[in-house]
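Got your viewer open? Here's a short walk through one model, with a selection to make at each stop.

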Amino acid sequence: MKRQVLLLKRRVIIDTDPGIDDALALIFAIHSPELQIEGITIAPGNVKSEIGATNVLRVLDIVGNTAIPVFYGAKAPLFRKLIPATRIHGEDGLGDCGWPTTKRSVMEQSGVDYLIEQVKSSPKELTLICLGPLTNLALAIAKDPDAIALFKEIVIMGGAARVAGNVSPVAEFNFWSDPEAAHQVLEWSKVPLVVIGLDVTRQTLLTPLHLKFLKHQGTPLSDWLVKLTLHYLNIHWELNGIVGCTLNDPLAVLAAFMPELLTFQDYSVDVATDGLCRGQMVVDYTELWGKRRNARLATDVNVDAFLEEFLVRILKDDSVTVDMVHAYLQASELPRT
Ligand code: BDR
Ligand code: CA
């Protein structure tokens with residue numbers, strides 16, 4: 001008799017700006033049985049909100065999910081003009097690789113109102129995962145701070161603490177894109193804020209070997225994943241001389257359901273909003289400010305374990321197991337078929 005394992009799912013809302021690594025993160029999340037995605041809100045970031053919304057629907061179409069509702073959030077950062085990251089993610093945000101277009105559209109309700117309404121109806125039960133600039137979250141806090149305090153946890157991909165930034169020497173894109181929003185969220189911090197910055201995501205490189213593994217599966221989904229990721233891989237080489245692309249947003253998703261694969265430390269954290277250091281995450285390592293520790297910062301990650309989980313889950317193919325991926329990656333060679 002088959003044994004039934006009862007899995008208590010973690011209910012999450014994802015705020016995202018796809019974006020290639022956002023798209024990978026969404027598929028990773030959708031294919032992770034530990035998570036139940038209640039809804040997706042669109043942040044202005046890598047691309048304009050209209051493009052981001054279309055991309056989320058394109059991703060949902062590819063994985064055959066028509067159940068998750070998608071909501072527009074803000075159209076621009078709080079006080080600034082949006083500067084999209086099309087060089088990194090392509091003009092269409094999905095690597096210009098010809099992903100099919102969608103016929104579906106987003107819900108009418110505003111994403112900010114959706115966040116407030118949902119968390120009020122399920123107090124301390126929902127986790128929010130933010131994969132883009134924090135504009136929507138900052139707006140929701142401004143509108144109803146008590147409601148947003150009812151989130152169980154908020155996982156944020158953003159910041160660079162002890163490593164260089166990726167848009168300036170000190171700033172990471174999501175915090176740089178809307179620094180006032182990041183500052184406001186950290187200053188508010190009424191909910192445990194889990195911050196996944198470049199310090200850890202830069203360790204998680206998807207390399208040509210991993211792409212070879214995906215290509216080897218030869219399914220329609222694995223073919224699209226390879227096409228999607230090639231642009232991202234090439235741009236890492238062109239701009240940074242790195243053979244491999246960083247899985248920023250997928251790592252933030254992992255932190256929501258397998259935090260044991262990361263190491264965390266609580267600190268008092270803030271974000272610089274202007275001038276030379278715009279968007280820089282400042283961590284008070286030595287407690288000179290004497291302020292409350294408002295963020296749980298990821299300081300290390302078990303890279304191999306994460307990559308194995310990522311590759312297995314993203315494919316959603318029962319014949320592919322973690323042990324199999326592990327063996328392939330250790331051998332650095334794929335079996336001949
Ligand atoms: C972050 O910026 C975006 O370009 C990525 O999608 C990720 O969320 C990394 O700095
Ligand atoms: Ca993103």
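The tour below goes from a metal site to a helix and then to a helix pair, and keep in mind that the model is predicted.

**Stop 1: the calcium ion.** Select ligand 2, the calcium ion, and show its protein donors: D17 (OD), D22 (OD), D22 (OD), L131 (O) and D249 (OD). They sit 2.2 to 2.5 Å from the ion. Along the chain, the donors follow the spacing D-x4-D-x108-L-x117-D. Now pick out D17, in the loop between β1 (10-16) and α1 (20-30), and D249, in helix α12 (residues 248-257); the pair therefore ties together parts that are 232 residues apart in sequence. Turn on a surface: are D17 and D249 buried or exposed? D17 is buried, at a relative accessible area of 0%, and D249 also counts as buried, at 2%.

**Stop 2: helix α4.** Select residues 111-121, which make up helix α4. Its buried residues are G111, V112, Y114, L115, I116, Q118 and V119. What covers them? Color the surroundings and you'll find, among others, the strands β1, β2 (35-42), β3 (70-72) and β4 (126-130), along with the helices α5 (135-143) and α6 (145-148).

**Stop 3: α1 against α11.** Go back to α1 and add helix α11 (residues 220-240). The two pack at an angle of about 145°, with axes 9 Å apart, and the crossing is left-handed. Show side chains for I20, D21, A23, L24 and I27 on α1, which meet L225, L228, T229, H231 and Y232 on α11. By type, the residues of this contact divide into 7 nonpolar, 2 polar and 1 charged.

Notes: Residues are numbered from 1 along each chain as its sequence is written. Chains are lettered from A and ligands numbered from 1 in the order in which they are written. This is a predicted model: local features need pLDDT of at least 70, side-chain atom pairs count only at pLDDT 80 or more; totals for chains, interfaces and linings use all residues. Side-chain values use heavy atoms; hydrogens and water are left out. Donors are N, O and S atoms within 2.8 Å of the metal (3.2 Å for Na, K and Ca); water is not among the atoms, so sites may look incomplete. Helices (H or I, at least four residues) and strands (E, at least two) are DSSP runs, numbered from the N terminus. Buried means under 20% relative accessible area, exposed over 50%, partly exposed in between (1.4 Å probe, protein chains only). Contact means heavy atoms within 4.5 Å. Axes are lines fitted to C-alpha atoms, for helices over the stretch in contact, and angles run from 0 to 180 degrees between N-to-C directions. A crossing is left-handed if the near helix is turned anticlockwise from the far one by less than a right angle, and right-handed if clockwise. Ala, Val, Leu, Ile, Met, Phe, Trp, Tyr, Cys and Pro count as nonpolar, Asp, Glu, Lys and Arg as charged, and the others, Gly among them, as polar.
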